Amino acid sequence: MERLQKVIARAGIASRRKAEELILQGRVKVNGRVVTELGVKVGPRDDVEVDGIPIEREEPVYYLLYKPRGVISSVKDDKGRKVVTDFFKDLDKRIYPIGRLDYDTSGLLLLTNDGDFANLLMHPRYEIEKVYVAKVKGIPTREQLKQLEQGIELEEGMTAPAKVKLLSADRKKGTAIVEIRIHEGRNRQVRRMFEAIGCEVLKLKRERYAFLDLKGLRPGEYRELSPHEVKLLRALAQSGGRK
Ligand code: URA
């Protein structure tokens, strides 16, 4: 048995807090009867409706995918390009990615059907750390790396402090490999940060997400998260992303 607001949130309809409001507003029915108290628990066979529409009650699942380049972080694409859920063809659950990686970015991507969990991890306030490795055109100077660390003025405002490490430099080719750790998840953030210092990103890979990495996986492969990993991620997000 689980709390009604948790079951509603997991179905992806609203955050837990919003789900509580829906209950208090008399918009939720359990087995055909309106419920307005917050303490109610429901089991897997109870029918739950929000605004008269039955909610989907799938068992929650959590996956870690090594997304290859050339794949869209979505469940479908108008132009018929490959999407991340194509790797899960045999799964009978409707999962979706938690956040996104660009079409040309490879690396670690989480997928789930648990809306509550996805909202929690994607919320900027919770600051989960992500580690990217970028191959860039040009060899950034110490000063440029410092700029990345201290924050870059993007269209929508300054980026939060980042941790940056020059991993290698190929002086002949004029390229470098740089590791960057950020807590935010703005659109094309890493590419735009490097662009701002005058270094185009040639290749980008997300190597870590919190304590998770890609060990044992090749591009296009995935594994299920253990219940312990799911619990840790939840705890980490709720504590503000710090390990
Ligand atoms: N930053 C980017 O620029 N692209 C990604 O896919 C992820 C982070």
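# Salt bridges, domains and odd phi values

Me: How far apart are the closest N and O atoms in the salt bridge that E156 forms with R186?
Reply: First, this is a predicted model: local features need pLDDT of at least 70, side-chain atom pairs count only at pLDDT 80 or more, and totals for chains, interfaces and linings use all residues. Residues are numbered from 1 along each chain as its sequence is written, and side-chain values use heavy atoms, with hydrogens and water left out. A salt bridge here is a side-chain nitrogen of Lys or Arg within 4 Å of a carboxyl oxygen of Asp or Glu. For E156 and R186, the closest N and O atoms are apart by 3.0 Å.

Me: How many residues apart in sequence are the parts that this pair, E156 and R186, ties together?
Reply: Elements are DSSP runs numbered from the N terminus: helices are H or I with at least four residues, strands are E with at least two. E156 sits in the loop between β11 (153-154) and β12 (157-158), while R186 is in the loop between β14 (175-182) and α5 (189-196). So the pair ties together parts whose separation in sequence is 30 residues.

Me: Is E156 buried, partly exposed or exposed?
Reply: The cut-offs, with a 1.4 Å probe and protein chains only, are under 20% relative accessible area for buried, over 50% for exposed, and in between for partly exposed. E156 comes in at 44% relative accessibility, so E156 counts as partly exposed.

Me: Which residue forms a salt bridge with E56, and is that partner buried or exposed?
Reply: The partner of E56 is R94, with the closest N and O atoms 3.6 Å apart. The pair links distant parts of the chain, 38 residues apart: E56 is in the loop between β6 (53-54) and β7 (62-67), R94 in the loop between β7 and β8 (96-97). At 52% relative accessibility, R94 counts as exposed.

Me: Which residues are linked with D114 in a network of salt bridges?
Reply: The search of the whole structure finds 26 salt bridges. Besides D114, the network takes in E2, K6, R10, R16, D116 and R234.

Me: Which backbone nitrogen does a side-chain oxygen of D114 reach at the start of α3?
Reply: Helix α3 covers residues 115-122 and is mostly covered, with 6 of its 8 residues buried. Those are G115, D116, F117, A118, L120 and L121. At the start of α3, a side-chain oxygen of D114 gets to within 3.1 Å of the backbone nitrogen of D116.

Me: How far apart do the C-alpha centres of domain 2 and domain 3 lie?
Reply: The bounds come from an automatic or database domain assignment. The protein chain is divided into domain 1 (2-54), domain 2 (62-125 + 211-238) and domain 3 (130-209). Between domain 2 and domain 3, the C-alpha centres lie apart by 23 Å.

Me: What share of the area buried between domain 2 and domain 3 do carbon and sulfur atoms give?
Reply: Buried area is the accessible area (1.4 Å probe) that two parts lose on being put together, summed over both. Between domain 2 and domain 3 that area is about 1,300 Å², and the share from carbon and sulfur atoms is 41%.

Me: Which element gives the most to the side of domain 2 that touches domain 3?
Reply: The interface has 3 salt bridges, and in one salt bridge the side chains of R191 and D102 meet at 2.9 Å, N to O. The elements that give two or more residues to the side of domain 2 that touches domain 3 are β9 (105-112) and β16 (212-213). The one giving the most, with 6 residues, is β9.

Me: What relative accessible area does N31 have?
Reply: N31 is found in the loop between β2 (28-30) and β3 (33-34). Phi of N31 is positive, about 50 degrees, although N31 is not a glycine. N31 is partly exposed, because its relative accessible area is 42%.

Me: Where is D51, and what relative accessible area does D51 have?
Reply: Phi of D51 is near 50 degrees, a positive value in a residue other than glycine. D51 sits in the loop between β5 (48-50) and β6. D51 counts as partly exposed, with a relative accessible area of 46%.

Me: Which residues does P161 touch, not counting residues up to four places away in sequence?
Reply: P161 is in the loop between β12 and β13 (163-170), and its relative accessible area of 61% makes P161 exposed. Contact means heavy atoms within 4.5 Å. With residues up to four places away in sequence left out, P161 touches E149 and Q150.

Definitions and conventions
A polar contact is a pair of N or O atoms within 3.5 Å; within protein, one must be able to donate a hydrogen and the other to accept it, and residues adjacent in sequence count only if both atoms are side-chain atoms.
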